[in-house]
Amino acid sequence: MTVKEELIRLFEHNRGSYLSGAEIADKLGCTRGAVWKAVKNLQNEGYTISAVTNKGYCLEAADVLSAAGIEKYLDEGCGAKLTVYKETDSTNIRLRELAAEGAEEGTVVAAGMQTKGRGRLGRSFFSPSDTGLYLSILIRPDMTAADAVRITTAAAVAVAEAAEEVSGRRVDIKWVNDVYMEDRKICGILTEASFSLESGGLDYAVCGIGINVCRPEGGFPEEIKDIAGEVLKTPVEDARNRMAGLVISKFMKYYRSLGENTFLKGYRQRLIWRGEDINLIRGSETVPAKLIDVDEQCRLLVEYPDGSRGTISSGEISIRRRK
Ligand code: BTN
């Protein structure tokens, strides 16, 4: 670990308290000059660190995403190995590269901003700095393609529980991978998988989660301003590190019992538009139906206008409420 990384960890565990340069140098086993340099680097990365003569350095309340900051909120033994970027193109792209190089299950890439955030159906995902959280988790499950939808649905429940814990407000889930608060989308999930040609099974899956933790400065862009929302109406200290730690821990817990569908109860409890009229949209085709529930395979159970029932797998289908 570099002096800078060790220093963030030390600061994170002593937030709001002053630590003298000599004390830090002693703890980290480096010179006071190295401490000063690391403090400057952290300040350049956005950390607010005050320096006061005869008192030392103090990490002020701030919401900078960091591995040490996230680790504080991780469940012990959740098995996550974190890499955190201030900015990257896409955490899914970064993690897929690591996966192809043989990275272990539980490897997580998180970023405070994405320049090429990817969404479902080839769309881009708005990923501004400072207010959003973007993270991808690598898993190597022994499962078929048909079962892979449960990765996304388990992630939706993990996000919903984390957002409820941090905000104290109710969260809904729109089948299959959108998380809503007060009728606005606060999170999107994109799971990308690689299959083994030999076994036909999954080689690895990268579960990418993008959350609007706070409202971006200047609001959401025109294209999404009527649908996007945020978890927190007013910023709360350390919210993004806390959200990240909670989401990763909860996801890993559900992932470990994926075969038993332990997440399904939480998914059904939050399923939006149950009993309401919806449209099933595939490309230019729109089919009216009533939303009944999700089944054990996380397929959407619907009733058509003629009274017949059917199940829909996630595939390329989106749903919209019929007004
Ligand atoms: C959607 O709503 O269409 C899915 C959006 C998924 C966005 C997340 S942000 C972290 C990860 N990296 C990406 O490029 N995409 C996913």
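This note sets out points on the fold, sheets, pockets and local backbone of a predicted model.

1. Overall make-up. The chain contains 8 helices and 14 strands. Its C-alpha trace extends about 80 × 45 × 30 Å along the principal axes. The radius of gyration is 21 Å; a compact globule of 323 residues would have a value near 20 Å, so the two agree.

2. Domains. Three domains are assigned: domain 1 (3–59), domain 2 (67–270) and domain 3 (277–321). Between the C-alpha centres of domain 1 and domain 3 the distance is 55 Å. Both pockets described below take lining residues from two domains: domain 2 and domain 3 for the largest pocket, domain 1 and domain 2 for the second largest pocket.

3. The hairpin in domain 1. Strand β1 (residues 49–52) pairs with strand β2 (residues 56–59) in the antiparallel sense, over 4 bridges. Alanine 51 has tyrosine 57 in β2 as its bridge partner. The two strands form a hairpin with 3 residues between them. Asparagine 54, in the turn, has a positive phi of about 70°.

4. The seven-stranded sheet. An open sheet of 7 strands runs in the order β3-β4-β5-β9-β8-β7-β6, with mixed pairing. Its edges are β3 and β6; each has a single partner strand, so one side of each has no neighbour in the sheet. On average, neighbouring strands of this sheet are turned by 20° against each other, direction ignored. Within the sheet, β5 and β9 are paired in the antiparallel sense over 8 bridges. Tyrosine 134 has its bridge partner in β9, namely glycine 210.

5. The five-stranded sheet. A further open sheet has 5 strands in the order β13-β12-β11-β10-β14, and its pairing is antiparallel. Here β13 (309–312) and β14 are the edge strands, each with a single partner strand, so one side of each is left without a neighbour in the sheet. The average turn between neighbouring strands is 45°, direction ignored. Strand β11 (residues 285–294) and strand β12 (residues 300–303) are joined by 4 bridges in the antiparallel sense. One of the bridge pairs consists of valine 294 and leucine 300, the latter in β12.

6. The largest pocket. What is the volume of the largest pocket? The value is about 1100 Å³. The lining comprises 44 residues, and those closest to the centre are Arg123, Asp178, Lys185, Ile224 and Ile227. At least two lining residues come from each of α5 (91–100), β5 (132–139), β7 (178–181), β8 (184–195), β9 (202–212) and β14 (318–321). The largest share, 6 residues, is supplied by β8. By class the lining has 20 nonpolar, 13 polar and 11 charged residues. Domain 2 and domain 3 each give at least three residues to this lining. Of the contributing strands, β5, β7, β8 and β9 are listed in the seven-stranded sheet, whereas β14 is an edge strand of the five-stranded sheet.

7. The second largest pocket. This pocket has a volume of about 580 Å³. Among its 24 lining residues, Tyr47, Leu65, Ser66, Ala67 and Val84 lie nearest the centre. Two or more lining residues come from each of α1 (3–12), α4 (67–71) and β3 (81–85). Which element gives the most to this lining? It is α1, with 4 residues. The class counts are 12 nonpolar, 4 polar and 8 charged. Domain 1 and domain 2 are each represented by at least three residues. The contributing strand β3 stands at an edge of the seven-stranded sheet.

8. Backbone points to inspect. Tryptophan 175 and valine 176 are joined by a cis peptide bond, with omega about 10°. Valine 176 belongs to the loop between β6 (172–174) and β7. In the loop between β7 and β8 lies glutamate 182. Glutamate 182 has a positive phi of about 45° although it is not a glycine. The strands that flank these loops, β6 and β7 and β7 and β8, are listed in the seven-stranded sheet. Both β7 and β8 also supply residues to the lining of the largest pocket.

How values were computed: Residues are numbered from 1 along each chain as its sequence is written. This is a predicted model: local features need pLDDT of at least 70, side-chain atom pairs count only at pLDDT 80 or more; totals for chains, interfaces and linings use all residues. Side-chain values use heavy atoms; hydrogens and water are left out. On a 1 Å grid over the protein atoms alone, a cavity is a set of points where a 1.4 Å probe fits but cannot get out, and a pocket is an open set with protein on both sides within 12 Å along at least five of seven lines; lining residues have an atom within 4 Å of a point. Grid points are joined across faces, edges and corners, and a volume is the space filled by probe spheres set on the points. Ala, Val, Leu, Ile, Met, Phe, Trp, Tyr, Cys and Pro count as nonpolar, Asp, Glu, Lys and Arg as charged, and the others, Gly among them, as polar. Domain bounds come from an automatic or database domain assignment. Two strands pair if DSSP finds at least two bridges between them. Axes are lines fitted to C-alpha atoms, for helices over the stretch in contact, and angles run from 0 to 180 degrees between N-to-C directions. The radius of gyration is taken over C-alpha atoms; the globule rule is 2.2 Å times the number of residues to the power 0.38.
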